[in-house]
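Subject: Structure handover

Hello,

Here is the structure you asked for, with my notes on it below. Please read them with the model open.

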Amino acid sequence: MTTPDGSAYFLYHSIGMYPGKAEAMTAGLSEFAASWGAFDDGQWMRALGKRQRFIDLWSDLIGAPKGTLTSAENVTTALYSLIGALSAHHLAGRRVLVTADCFPSLHFLLAGLAPRFGFTLDTVPMRDGESWVQDDDVIASWGADVGLALLTQVTSTSSHRCDLNRFVAHGREMGSLVGVDITQGVGLIPFNVDAPVVDFTLSTSLKWLCGTPGAGIIHVAEPLLRECRPELRGWFSQDNIFSWDLDAFAYAPDARRFDHGTPSALACIGSVPALEWHAAQDKTALLAHNRKLGAAIIARADEMGLALASPRDEKRRGGSIMLRLPEQTDTATIVNGLREHGVFTDCRGRILRLSPGTVTTEAGIARLFAGLEALL
């Protein structure tokens, strides 16, 4: 087996790597372990300070105004908190619009919540034979009866990048709340909560940000934030978390109202080294490196006659290149065989997902295609 060196690492749609990641995480988590195991009374102060560092780094990353963003376990729990916080007029008797290529976990959640909150979940389908939902079809399905539209900035199975400016402008005309899941794009594809202005934002710290599982975020913009009353609430939802008066619960005035029980600080602490690394990078250079390698992957795929399942236009694409493997292909054999060459990727059905990032090289692409030619 080829010794893995990162040059053929194509899993930035999943976990994400950067030089020195293991060492940086080890240092950060070791510091936490020493702090948490110290014979003093400062553990919570230090841990919550690190969690706040995580929140501040995320706020800077996506331009979220102070007090509009907090941590969440993942995008699913963040969306659940948001749905349970909205006034009834946003949902009852109205449609919630999603696309068939949204992240499945969010669709599973919304389908289960629809009967209780009184909304109809409307899923815009893909056209026959296509790999992503067309923006025009989303607009055609989006009428004034849509109370909330959940957009996917970049899809996980085609890397299609939606036209956020067009969608948000249309959503304002329809009087809909507009939220966006930026999980597959953030850290590589530019995003700012005010350009265009969205009502809420969901993400994790994995993938291009190279963080840890369990370190998600929810951002809710004003004025929506002020009217939200999360049903998932607890002692950390209060302005004064040490208020023990059982009859005097009051929501915090900012995004902390979306906190609930004791926060999962360890996941945030584990992601701080990655977020600090990312904050120090030249974002233009990160994207340029990805685009150069993406173009090389597409060129080699064309030479092999492999069908592209992602937009060819890089302006309509995230950072991943998806290839449709031939029918009757045993995808497990492909993935396992590539691993033997030190090439790391994955499949969803017959879709081979390739996401080149900062540690990926042109030599890694050559090894990828040499492996594919042998295996196919």
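The largest cavity in this predicted model holds about 100 Å³ of space. Its lining is made up of 14 residues, and L188, W208, L286, G357 and T358 are the closest to its centre. Helix α9 (283-304) gives the largest share of that lining, with three residues. Helices α8 (265-279) and α9 each supply at least two. By class, eight of the lining residues are nonpolar and six are polar, with no charged residue in the set.

How many cavities of 30 Å³ or more are there in the whole structure? The search finds two. The second largest has about 80 Å³ of space. Around this second cavity are T99, D101, V133, D135, V138, L151, T152, T155, H160, C162 and F167. Two elements give two or more residues each to this lining, namely helix α5 (135-141) and strand β4. Here the classes come to five nonpolar, four polar and two charged residues.

T152 is worth a look while you have that cavity on screen. T152 lies on the cavity lining and sits in strand β4. Is T152 buried or exposed? Its relative accessibility is 12%, and the cut-off for buried is under 20%, so T152 counts as buried. Leaving out residues up to four places away in sequence, T152 touches T99, C102, F103, C162 and D181. Of these contacts, T99 and C162 also appear in the lining of the second largest cavity.

H170 can be read in a similar way. H170 belongs to helix α6 (residues 164-174). With a relative accessibility of 15%, H170 also falls under the 20% cut-off and therefore counts as buried. Its contacts, again without residues up to four places away in sequence, are I139 and W142.

Next, the open space. The largest pocket has a volume of about 400 Å³. Its lining has 21 residues, and those closest to the centre are R51, Q52, I55, D254 and R256. Helix α2 (43-62) and strand β1 are the elements that give two or more residues to this lining. The largest share, seven residues, comes from α2. Eight of the pocket residues are charged, seven are nonpolar and six are polar.

Now the sheets. One open sheet has seven strands in the order β1-β7-β6-β5-β4-β2-β3, with mixed pairing. Which strands stand at its edges? They are β1 (69-72) and β3 (120-124); each has a single partner strand, so one side of each is left without a neighbour in the sheet. On average, neighbouring strands here are turned by 20° against each other, direction ignored. Helix α4 (residues 104-117) packs on this sheet, where it touches β2, β3, β4 and β5 (177-181). The direction of α4 makes about 150° with that of β3.

Within the same sheet, strand β2 (residues 95-99) and strand β4 (residues 146-152) run parallel and are joined by three bridges. To find the register, start from V96, which stands opposite L148 in β4. Strands of a sheet pair through backbone hydrogen bonds, either parallel or antiparallel.

A further open sheet has four strands in the order β8-β9-β11-β10, and its pairing is antiparallel. The edges are β8 and β10 (346-348), and because each has a single partner strand, one side of each is left without a neighbour in the sheet. Two bridges join β8 (residues 307-308) to β9 (residues 321-324). Along that pair, A307 has R324 as its bridge partner, and L308 stands opposite L323. On to the next pair: β9 and β11 (residues 351-354) are joined over four bridges, in the antiparallel sense. In this pair R324 stands opposite I351, so that residue has a place in both pairings of β9.

Helix α9 connects two parts of these notes. The helix lies across β8, β9 and β11, running at about 15° to β9, and it also gives three residues to the lining of the largest cavity.

Regards

Methods. Residues numbered from 1 in each chain as written. Predicted model: local features only at pLDDT ≥ 70, side-chain atom pairs only at ≥ 80, totals over all residues. Heavy atoms only, no water. Pairing = 2+ DSSP bridges. Axes fitted to C-alpha atoms, helices over the stretch in contact; angles between N-to-C directions. Contact = heavy atoms within 4.5 Å. 1 Å grid on protein atoms, 1.4 Å probe; cavity = no way out; pocket = protein on both sides within 12 Å on 5 of 7 lines; lining within 4 Å. Points joined across faces, edges and corners; volume = space filled by probe spheres on them. Nonpolar A, V, L, I, M, F, W, Y, C, P; charged D, E, K, R; others polar. Buried < 20%, exposed > 50% of the residue type's maximum accessible area, 1.4 Å probe, protein only.
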